[in-house]
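Grab a pencil and open the viewer. Below are some short exercises, each with a solution worked out in steps.

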Amino acid sequence: MVSVAIMGHGVVGSGVAEILTTHKKKLFAGLGEEIYIKKILDLREFPDSPLADRFTKDFDDILNDREIRVVAEVMGGVNPAYDFVKKCLKSGKSVVTSNKELVAAKGAELLDIAKENNVNFLFEASVGGGIPIIRPMSQCLIANNVDEVAGILNGTTNFILTKMITDGMQFDDALKLAQDLGFAERNPAADIEGHDACRKICILASLAYGKHVYPDAVHTEGITKITLDDVKYAETFGCVIKLIGRVKKLEDGKIDIIVAPMLVPKESQLANIDYEFNGIMVRGDCTGDVVFYGKGAGKLPTASAVVADIVDCCKHLKTRKYLYWTDGDSKNILPVEESVNAMYVRAKGADIAAKAEKIFGGVSIIDKADSADNETAFVTSEITLGEFNEKIAALVNEGAEILSTIRIGDL
């Protein structure tokens, strides 16, 4: 029997306890031992829980219990999770977590502490919820050089954009529906401003390229400026708009990493991933494109990934799994001004097409039947962001009002 503890009994934590309790036979068959929940840390009371006698409000009850070998951190946030996880690792307990904010902020340090203490720090559930991605990248695709990782990493924004695309809903109406259905928080800023997707692509980039990538080093845009007009122009151009987290390795060894809305061609494998689903594409030099698809959040999907990590830790109580990256200083990240993309532009004013042709040296005009008066949308050729901004400034000087600019995703 292996004794474990769960820190946090919210949506995910209660799901972890449920799976460990209801799937005992399945887990025993896979491990050869029983997994016993010895302690659950939460400040609230759960008198009606079948595990009521195992709750504690004191972290030290877990830290000082030598029988507890594996701890699941499902509290969320950096504090006090960081302090608790660090102390567990230093005391010789392996830790698994679903906490993307913690891994994105402190992953390199916690992996180093785990290595020093010959224990494991696993975080499959931190990206993609129940979608397997960390383990496939670190094990199944180990023979590949990863050229690029790109994905729809946030179900809330994908749900909102899908409703705009399929039902013609305005952004605010789609957001309210997402909140009413439980897909969006009452304060949705982390989702709609792109911060949640940023944390996840940072974790994947760190894993793929071996150096920690911090969220504050990544250019991040959300979807709040996307309008129905942009959605319709994208449709005319043969694309859909998705919030994409993307990182790719450049020839000079640097990485180009960004989170931003992109026009994704309909033939892309990511284009048809809709509603609250996530999709992650890993582009390997041996395998080509491999896509992982499923529900990126939710009680049981996320808890499933946490439990899989618990089982993995129980199998490796006396050995370390090699999951590791070093700390990073952001010097390997391409400045966003040097990043190259074709760009979609929607502008208002007289003779926009002619002016854009002159300034950009050739553009593709998107001819939408019901365009507003004096409104023009066009797509540039590939261009650095710095040069694009200069040319947009020149277009404004020619009397244009810029309504939207969105990257074209080469996915």
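One term to start: a residue is buried under 20% relative accessible area, exposed over 50%, and partly exposed in between (1.4 Å probe, protein chains only). Keep in mind that this is a predicted model, where local features need pLDDT of at least 70, side-chain atom pairs count only at pLDDT 80 or more, and totals for chains, interfaces and linings use all residues. Residues are numbered from 1 along each chain as its sequence is written, and side-chain values use heavy atoms, with hydrogens and water left out.

**Exercise 1: backbone oddities**

Find asparagine 118 and aspartate 351, and work out what their phi angles and surroundings look like.

Step 1. Asparagine 118 isn't a glycine, yet its phi is positive, about 55°. Aspartate 351 also has a positive phi, near 55°, and is a residue other than glycine.

Step 2. Now place them. Helices (H or I, at least four residues) and strands (E, at least two) are DSSP runs, numbered from the N terminus. Asparagine 118 sits in the loop between helix H5 (100-116) and strand S6 (121-122). For aspartate 351, look in the loop between strand S14 (343-348) and H13.

Step 3. Check the accessibility. Asparagine 118 has 41%, so it is partly exposed. Aspartate 351 has 57%, so it counts as exposed.

Step 4. One more backbone feature: the peptide bond joining asparagine 79 and proline 80 is cis, with omega about 5°. Proline 80 belongs to the loop between strand S4 (68-73) and helix H4 (81-90).

**Exercise 2: hunting for disulfides**

How many disulfides does the structure hold? Use cysteine 88 and cysteine 286 to see why.

Step 1. A disulfide is a pair of cysteine sulfur atoms within 2.5 Å. The count here is 0.

Step 2. Take cysteine 88. Its closest cysteine sulfur belongs to cysteine 313 and is 12 Å away, so that's too far for a bond. Cysteine 88 is also buried, at 0% relative accessible area.

Step 3. Now cysteine 286. The closest cysteine sulfur, in cysteine 140, is 14 Å from its own, again too far for a bond. With 58% relative accessibility, cysteine 286 is exposed.

**Exercise 3: who touches lysine 295?**

Locate lysine 295 and list its contacts, skipping neighbours within four places in sequence.

Step 1. Lysine 295 is in strand S12 (residues 288-295). Its relative accessible area is 42%, so it's partly exposed.

Step 2. Contact means heavy atoms within 4.5 Å. On that basis, lysine 295 touches Gly128, Gly129, Gly130, Ile131, Glu276, Phe277 and Pro301.

Step 3. Compare sequence with space: 164 residues separate lysine 295 from isoleucine 131 along the chain, but their C-alpha atoms are 6.8 Å apart.

**Exercise 4: two helix pairs**

Describe how H13 packs with H14, then how H5 packs with H10.

Step 1. Get the geometry straight. Axes are lines fitted to C-alpha atoms, for helices over the stretch in contact, and angles run from 0 to 180 degrees between N-to-C directions. Angles under 35 degrees are roughly parallel, over 145 roughly antiparallel, 65 to 115 roughly perpendicular, and the rest oblique.

Step 2. Helix H13 (residues 352-360) and helix H14 (residues 385-397) have axes 10 Å apart, at an angle of about 140°. So H13 and H14 are oblique to each other.

Step 3. Which residues meet? From H13 there are Lys355, Ala356, Ile359 and Phe360, and from H14 Phe388, Lys391, Ile392, Ala394 and Leu395. By class, that gives 7 nonpolar, no polar and 2 charged residues. (Ala, Val, Leu, Ile, Met, Phe, Trp, Tyr, Cys and Pro count as nonpolar, Asp, Glu, Lys and Arg as charged, and the others, Gly among them, as polar.)

Step 4. Over to H5 and helix H10 (residues 195-209): their axes come within 9 Å and cross at roughly 50°. That makes H5 oblique to H10.

Step 5. H5 supplies Lys100, Glu101, Val103 and Ala104, while H10 supplies Asp196, Arg199, Lys200 and Ile203. This contact divides into 3 nonpolar, no polar and 5 charged residues.
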